[in-house]
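Here is my note on the structure, set out as numbered points. Please read it beside the coordinates.

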Amino acid sequence: DGEVHINELKNGNAEMFWNPTSEVRRQRLKRHIVLFEEQTDFESERLWQHVTSAINKGDQHKATQEKSVLEEEQRNAARERRENGTEWKPLLFRHDATTNEWRYKYEDLRPWDPLNDIAQFEKNGILQTMERHLSTRMSNHKTTCINNQITRHKRSAKECRRRKTSDQPSNHSQNTESSCSTPESVQELSDDDGKYLGFESLCAQCGKEMNHLKEIHSAVLSLQRAQQDIHR
């Protein structure tokens, strides 16, 4: 976020290549780090603190000395583990025997879902994704809404059959027409079964959720178009 110059060695001229404005500086991503007192002994900032301090003071000799001390301590610790037969177990990485590489245990390689994923962050070294779960909430709520409608529908059908039976004379052997047109059994429902049961739409909350999803989808499409324009 500072000035960058291009120095032409042939003629000694210097040219301004990048000079961020105050607005650009305000828009930079905020850096979030674990507080120093909460870091473990092997986290980089704490582990290399004396080397970093010497570098910041411009003391190259002290920095080199502290680096040598640190590396020697690590070699001694590794030697002691070998002698004692102690296996080193990393907290956040695993060894892939196929590729002979170390892989992060909690890597998330799934595509980013702009309709459900809000932000990605690290907590205690573990990568996590904050999600809306909006689609899940809608699905669950829709299922509950439909089930409630089915229950009321079955109750109505039962009442209709009871009235139909009580209205018929006991010596009447033929079926008579009933004013009830409700089906007597309800099978599993599809998304369009609301129309079949006589209710065109679900509850108001479902409608709000659907409208909210449409607004999010529209906003995402607008952002994608803007990104494509910027890329071009």
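1. Lining of the largest pocket. In this predicted model, two elements each give at least two residues to the lining of the largest pocket: helix H2 (44-47) and strand S5 (117-123). The space in this pocket comes to about 880 Å³. Its lining has 21 residues, and those closest to the pocket centre are Thr-40, Glu-43, Leu-92, Glu-122 and Gly-125. Sorted by class, the lining residues are 8 nonpolar, 6 polar and 7 charged.

2. Leu-92. One of the residues closest to the centre of the largest pocket is Leu-92, which sits in the loop between H4 and strand S3 (93-96). Is Leu-92 buried or exposed? Neither class applies: the relative accessible area of Leu-92 is 26%, so the residue counts as partly exposed, given that buried means under 20% and exposed over 50%. Once neighbours within four places in sequence are set aside, the contacts of Leu-92 are Arg-103, Tyr-104, Lys-105, Tyr-106, Asn-124 and Gly-125. For Arg-103, which is 11 residues from Leu-92 along the chain, the C-alpha separation is 8.5 Å.

3. The S5-S6 hairpin. Strand S5 pairs with strand S6 (residues 126-131) through 6 bridges, in the antiparallel sense. Within this pair, Gln-120 faces Thr-129 in S6. The two strands make a hairpin with 2 residues between them. Asn-124 lies in that turn and has a positive phi of about 55°; Asn-124 is also among the contacts of Leu-92.

4. The S1-S2 hairpin. Strand S1 (residues 4-7) and S2 run antiparallel and are joined by 4 bridges. His-5 has Met-16 in S2 opposite it. This hairpin has 6 residues between its strands, and Gly-12 in the turn shows a positive phi of about 80°. How many of the 5 residues of strand S2 (residues 14-18) are buried? The count is 0, and the strand is hardly covered.

5. Length of helix H4. Helix H4 (residues 60-84) has 25 residues, which at 1.5 Å a residue should span 36 Å. The expected span is taken as 1.5 Å times one less than the number of residues. The C-alpha atoms at the ends of H4 are 36 Å apart, and therefore the two values agree.

6. Packing of helix H4. Which residues of H4 are buried? They are Ala-63, Glu-66, Leu-70 and Ala-78. The buried residues of this helix pack against H2 and helix H3 (49-56). H2 thus appears twice in this note, since it also supplies at least two residues of the lining of the largest pocket.

7. Glu-66. This residue of helix H4 deserves its own entry. The relative accessibility of Glu-66 is 18%, and so Glu-66 counts as buried, the cut-off being under 20%. Leaving out residues up to four places away in sequence, Glu-66 touches His-50 and Val-51.

8. The chain as a whole. There are 7 helices and 6 strands in the protein chain. Read from the N terminus, the order of elements is β-β-α-α-α-α-β-β-β-β-α-α-α. Of the 232 residues in the chain, 14% are buried. Where contacts between residues at least 6 apart in sequence are considered, 27% of them join residues at least 24 apart.

Notes
Residues numbered from 1 in each chain as written. Predicted model: local features only at pLDDT ≥ 70, side-chain atom pairs only at ≥ 80, totals over all residues. Heavy atoms only, no water. 1 Å grid on protein atoms, 1.4 Å probe; cavity = no way out; pocket = protein on both sides within 12 Å on 5 of 7 lines; lining within 4 Å. Points joined across faces, edges and corners; volume = space filled by probe spheres on them. Nonpolar A, V, L, I, M, F, W, Y, C, P; charged D, E, K, R; others polar. Buried < 20%, exposed > 50% of the residue type's maximum accessible area, 1.4 Å probe, protein only. Pairing = 2+ DSSP bridges. Contact = heavy atoms within 4.5 Å.
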